Amino acid sequence: MSKVVTALALLAGLAAFESKAAETGGYNGTWSVELVTDSGVCDARYSYSMSVSEGQVRLLSAADSGARLSGKVGPDGSVGLNVSNGSASGAASGRLQAQSGSGTWKVSALCSGRWTARRSATRTAQAN
C-alpha cells in the first residue's frame with residue numbers, strides 16, 4: 001500500500017512540475033501579430049511584433065507610433081491585452097497555441113476586428 005501511495009505522490013509531483021513549466025514559459029518568445037479591421041474608422045491592417053516572457057507581454061515594434069500595450073498570456077494560452085494610442089484605448093482577447101494564435105480586438109467605439117499571431121523563428125547564436 002505504501003508503494004502505491006508513494007507512486008501516486010511522485011506522479012502528482014511530476015504533474016505539478018510539468019504544469020508549472022507550462023505556466024511559466026510555454027509561450028515565451030517573439031510573436032508577429034497582424035490586426036485586421038472589420039468595422040469602424042481605423043486603418044485596414046496593422047502589423048506589430050510583441051514579446052512574451054513568463055506570461056508578460058511587451059510591444060517590440062511601433063514604439064515610435066505612441067502605441068502602448070500591456071497584458072498577459074495565461075498558462076492555457078488565453079490572451080488579455082489593453083492597448084492605447086493617444087486618447088484612444090481598447091482591448092484584445094484570444095488564445096495562443098504552440099506556434100500561432102487568434103482573437104478579436106476593439107478600440108472604444110472607433111473600430112474593431114480580429115488578430116492573428118505567428119511565433120517568430122528563434123535563432124541561437126553559437127560560439128566558434
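**Reading a predicted fold, feature by feature**

Mentor: Tyr48 counts as partly exposed, because its relative accessibility is 22%, and since this is a predicted model, every value we discuss is computed from it.

Trainee: Before we look at single residues, how many helices and strands does the chain have, and in what order do they run?

Mentor: The chain has one helix and eight strands, and from the N terminus on the order is α-β-β-β-β-β-β-β-β. Of its 128 residues, 23% count as buried.

Trainee: How should I read a pair of aromatic rings, and which rings pair here?

Mentor: A pair of aromatic rings is described by the distance of the centres and the angle of the planes. The count comes to one aromatic pair: the ring centres of Tyr46 and Tyr48 are 6.4 Å apart and their planes lie at 10 degrees, so the pair is stacked. Tyr46, like its partner, falls in the partly exposed class, in its case because its relative accessibility is 23%.

Trainee: Which residues lie nearest the centre of the largest pocket?

Mentor: Tyr48 appears again here, together with Leu35, Val83, Trp105 and Val107, among the 27 residues that line the largest pocket. Its lining draws two or more residues from each of β1, β2, β4, β5, β6, β7 (100-107) and β8, and the pocket has a volume of about 490 Å³. By residue class, the lining divides into 20 nonpolar, five polar and two charged residues.

Trainee: Where are the two cysteines of the disulfide, and is each of them buried or exposed?

Mentor: The structure holds one disulfide, formed by Cys42 and Cys111 with their sulfur atoms 1.6 Å apart. The pair links distant parts of the chain, as Cys42 sits in the loop between β1 (29-40) and β2 (45-53) and Cys111 in strand β8 (residues 111-119), 69 residues apart. The torsion about the S-S bond is about -50 degrees, so this disulfide is left-handed. As to burial, Cys111 is buried because its relative accessible area is 3%, under the 20% cut-off, whereas Cys42, at 22%, counts as partly exposed.

Trainee: How do β4 and β5 pair, and over how many bridges?

Mentor: Strand β4 (residues 67-73) pairs with strand β5 (residues 78-85) in the antiparallel sense over seven bridges, and Ala67 has Asn85 in β5 as its bridge partner. Strand β5 also pairs with strand β6 (residues 88-96), again antiparallel, over eight bridges, with Ser84 opposite Ser89 in β6. Both hairpin connections contain a glycine with positive phi: Gly77, near 90 degrees, where four residues lie between β4 and β5, and Gly86, near 65 degrees, where two residues lie between β5 and β6.

Trainee: Which residue other than glycine has a positive phi near 40 degrees?

Mentor: Most residues other than glycine have a negative phi, which makes a positive value a feature to look up in the model. Ser108 is the residue with phi near 40 degrees; Ser108 lies in the loop between β7 and β8 and is partly exposed, with a relative accessible area of 40%. Glu54, not a glycine either, has a positive phi of about 50 degrees; Glu54 is found in the loop between β2 and β3 (56-59) and is partly exposed, with a relative accessible area of 45%.

How values were computed
Residues are numbered from 1 along each chain as its sequence is written. This is a predicted model: local features need pLDDT of at least 70, side-chain atom pairs count only at pLDDT 80 or more; totals for chains, interfaces and linings use all residues. Side-chain values use heavy atoms; hydrogens and water are left out. A disulfide is a pair of cysteine sulfur atoms within 2.5 Å. Buried means under 20% relative accessible area, exposed over 50%, partly exposed in between (1.4 Å probe, protein chains only). Two strands pair if DSSP finds at least two bridges between them. On a 1 Å grid over the protein atoms alone, a cavity is a set of points where a 1.4 Å probe fits but cannot get out, and a pocket is an open set with protein on both sides within 12 Å along at least five of seven lines; lining residues have an atom within 4 Å of a point. Grid points are joined across faces, edges and corners, and a volume is the space filled by probe spheres set on the points. Ala, Val, Leu, Ile, Met, Phe, Trp, Tyr, Cys and Pro count as nonpolar, Asp, Glu, Lys and Arg as charged, and the others, Gly among them, as polar. Rings of Phe, Tyr and Trp (its six-membered ring) pair if their centres lie within 6.5 Å; planes under 30 degrees apart count as stacked, over 60 as edge-to-face and the rest as tilted.
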